[in-house]
Amino acid sequence: MNEVFLGEFRRGPANFLVYRTGRGAYRVDCRDSPNAEPSEVCRFTAGGEPVWHGAWDGDQWCDWIEAQTRKLIGVV
């Protein structure tokens with residue numbers, strides 16, 4: 001299965017992009033400025049916990065990012 005862009009949400013200057021990467025599998029990327037390339041924030045499955053990438057692991061926005069992503073994909 002090819003990646004499918006599902007949507008995005010924003011907080012401050014950060015734009016979060018959500019992709020389905022497989023059956024029940026998702027990735028969240030972040031673009032923190034208009035000219036920046038997106039970088040990976042986390043990966044997870046619909047029933048699993050996110051695996052946070054790099055500096056995002058333990059970030060104060062993690063719970064909010066997870067909640068927004070699950071809302072967007074319809075898994076609350």
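**View A. Asp 63 and Lys 71 are exposed on the other side of helix α1, opposite its buried residues Cys 62, Ile 65, Glu 66, Thr 69, Arg 70 and Ile 73.** The model shown here and in every view below is predicted, and local features need pLDDT of at least 70, side-chain atom pairs count only at pLDDT 80 or more, while totals for chains, interfaces and linings use all residues. Residues are numbered from 1 along each chain as its sequence is written, and side-chain values use heavy atoms, with hydrogens and water left out. Buried stands for under 20% relative accessible area, exposed for over 50%, and partly exposed for what falls in between, with a 1.4 Å probe and protein chains only. Helices (H or I, at least four residues) and strands (E, at least two) are DSSP runs numbered from the N terminus. Seen down the axis of α1, the buried residues fall within an arc of 125 degrees, so they line one face of the helix; the arc is that of the directions from the helix axis to the C-beta atoms. With 12 residues, α1 reaches 17 Å from its first C-alpha to its last, close to the 16 Å expected at 1.5 Å a residue, the expected span being 1.5 Å times one less than the number of residues. Just after α1, Gly 74 takes a positive phi of about 85 degrees.

**View B. Five strands form an open antiparallel sheet in the order β1-β2-β3-β4-β5.** The edge strands, each pairing on one side only, are β1 (4-11) and β5 (51-52). Helix α1 packs on this sheet and touches β1, β2, β3, β4 and β5, its direction making about 135 degrees with that of β1; axes are lines fitted to C-alpha atoms, for helices over the stretch in contact, and angles run from 0 to 180 degrees between N-to-C directions. Two strands pair if DSSP finds at least two bridges between them. The antiparallel strands β1 and β2 are joined by 7 bridges, β2 and β3 likewise pair over 7 bridges, β3 and β4 over 6, and β4 and β5 over 2.

**View C. Strand β2 lies between two hairpin turns, with β1 before it and β3 after it.** Because 7 of the 9 residues of β2 are buried, the strand is largely enclosed by the rest of the structure. Across the β1 pairing, Phe 5 stands opposite Tyr 19 and Phe 9 stands opposite Phe 16, while on the β3 side Phe 16 stands opposite Cys 30. The hairpin of β1 and β2 has 2 residues between the strands, and Gly 12 in the turn has a positive phi of about 55 degrees; the hairpin of β2 and β3 also has 2 residues between its strands, and there Gly 24 takes a positive phi near 75 degrees. Ala 14, in strand β2, is buried, with a relative accessible area of 5%. Apart from residues up to four places away in sequence, Ala 14 touches Phe 9, Cys 30, Arg 31, Asp 32 and Trp 61, where contact means heavy atoms within 4.5 Å.

**View D. The largest nonpolar core has 16 residues, of which Phe 16, Val 28, Val 41, Trp 52, Trp 56 and Ile 65 touch the most other members.** At least two residues of this core come from each of β2 (14-22), β3 (25-31), β4 (39-45) and α1 (62-73). Such a core is a set of buried Ala, Val, Leu, Ile, Met, Phe, Trp, Tyr and Cys residues joined through side-chain atoms within 4.5 Å. Once neighbours within four places in sequence are left aside, the contacts of Val 28 include Phe 16, Val 41, Phe 44, Ile 65 and Thr 69. Val 28 stands opposite Cys 42 in β4, and the bridge partner of Cys 42 in β5 is Trp 52. A hairpin of 5 residues joins β4 to β5.

**View E. Glu 66 and Leu 72 both belong to helix α1.** Glu 66 counts as buried because its relative accessibility is 18%, and beyond its neighbours within four places in sequence Glu 66 is in contact with Glu 49, Pro 50 and Trp 52. Leu 72, at 30% relative accessibility, counts as partly exposed. With neighbours within four places again left aside, Leu 72 is in contact with Leu 6, Gly 7, Glu 8, Phe 9 and Val 18. Leu 72 and Gly 7 are 65 residues apart in sequence, yet their C-alpha atoms are 7.2 Å apart in space.
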